[in-house]
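Trainee: I have a chain open in my viewer and would like to talk it through. Could you take my questions one at a time?

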Amino acid sequence: MRLSRTTKYLLLAALVLGLAVIYFPLLVVLLNSFNADTTFGWPPSSFTLEWWGRAAENQGALNALWTSVQAGLAATAIALVLGTMAAFALQKYRFFGRNQVSLLIILPIALPGIVTGIALNNAFRTILGIDLGLFTAIVAHATFCIVVVFNNVVARLRRMGGNLEEASMDLGADGLTTFRLVTFPMLRSALLAGGLLAFALSFDEIIVTTFTLGTGLETLPIWILNNLFRPNQAPIVNVVAAVLILASTVPVYLAQRLSGDTTSGGRL
């Protein structure tokens, strides 16, 4: 399809405008984390690293960061195991209700977070009698992190086909050897990409966490929300938000690079 020069310029302008709406506020947050003016006058008259030093010494922020890391790593580990197993079961075997099971696995990430949070809160406290805490938040995060891993592994398995595994077994390798030497090396980048995306998703989550974490604990996003409108904490909140932006961008970027590795069959 050929486009006129005017149409191309209009599409380019729309693209630039859309990217500006998305990324300019993030740039403002990053700059404000170095803004020496406590009222955050714009544009910044001078810059300082004072807020970064205070953030590094803020025990509340550090505790929240550690809680987020623990929840993210544990939820990612659970998602990698269960998501990979589910992907193999649904991709390698044909059985009654296969499509329905696939829908049930993917559904949690499509549901509104507040619905998932309320449902899990009621399940933990009313049905199972479990006190809310870090464990319940990890389980809650795993419910939607599994979807990310599942989608990545299923996509890679479909692209791989079964020819190499069949050839390996024809040459005398058993199932475990075939998985170790053939299947896993080709899945490795998909697993890494799924794991990175799952960790980023868990690290940023706030709605489900609010309903499942319990009292006395805070993840980093919840700490930001609780301190956002406290004037004496505003500079530190900007620093923490800047760190959160960077911590979320790196895994997503790496996952995109790994997921796009199609020419090498998924090998690193």
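Mentor: Happily; we will go from the overall fold to the cores and then to the surface. This is a predicted model, so local features need pLDDT of at least 70, side-chain atom pairs count only at pLDDT 80 or more, and totals for chains, interfaces and linings use all residues. Residues are numbered from 1 along each chain as its sequence is written, and side-chain values use heavy atoms, leaving out hydrogens and water.

Trainee: How many helices and how many strands are in the chain?

Mentor: Helices (H or I, at least four residues) and strands (E, at least two) are DSSP runs, numbered from the N terminus. From the N terminus on, the elements run α-α-α-α-α-α-α-α-α-α-α. The count is 11 helices and 0 strands.

Trainee: Which helix gives the most residues to the largest nonpolar core?

Mentor: A nonpolar core is a set of buried Ala, Val, Leu, Ile, Met, Phe, Trp, Tyr and Cys residues joined through side-chain atoms within 4.5 Å. The largest has 25 residues, and Ile 105 and Phe 150 are among those with the most contacts inside it. Helix 3 (59-92), helix 5 (113-127), helix 6 (134-160) and helix 8 (175-204) each give two or more residues to this core. The top contributor, with 10 residues, is helix 6.

Trainee: Is Thr 219 buried or exposed?

Mentor: Thr 219 sits in the loop between helix 9 (207-212) and helix 10 (220-227). Not counting residues up to four places away in sequence, Thr 219 touches Ala 64, Thr 67, Ser 68, Glu 205, Thr 209 and Leu 213, where contact means heavy atoms within 4.5 Å. Buried means under 20% relative accessible area, exposed over 50%, and partly exposed in between (1.4 Å probe, protein chains only). Because its relative accessibility is 4%, Thr 219 counts as buried.

Trainee: And Leu 17, buried or exposed?

Mentor: Leu 17 belongs to helix 1 (residues 5-32). In soluble globular proteins, nonpolar side chains tend to be buried together. Here, though, the relative accessible area is 57%, so Leu 17 is exposed.

Trainee: What accessible area does the nonpolar patch with Leu 17 have together?

Mentor: Areas come from the Shrake-Rupley method with a 1.4 Å probe; for residues, only the protein chains shown count as cover. Patch residues have over 30% relative accessible area and no salt bridge (a side-chain nitrogen of Lys or Arg within 4 Å of a carboxyl oxygen of Asp or Glu); like charges are joined within 9 Å, nonpolar side chains (Val, Leu, Ile, Met, Phe, Trp, Tyr) within 5 Å. Members include Tyr 9, Leu 17 and Leu 26, and the total is about 1000 Å².
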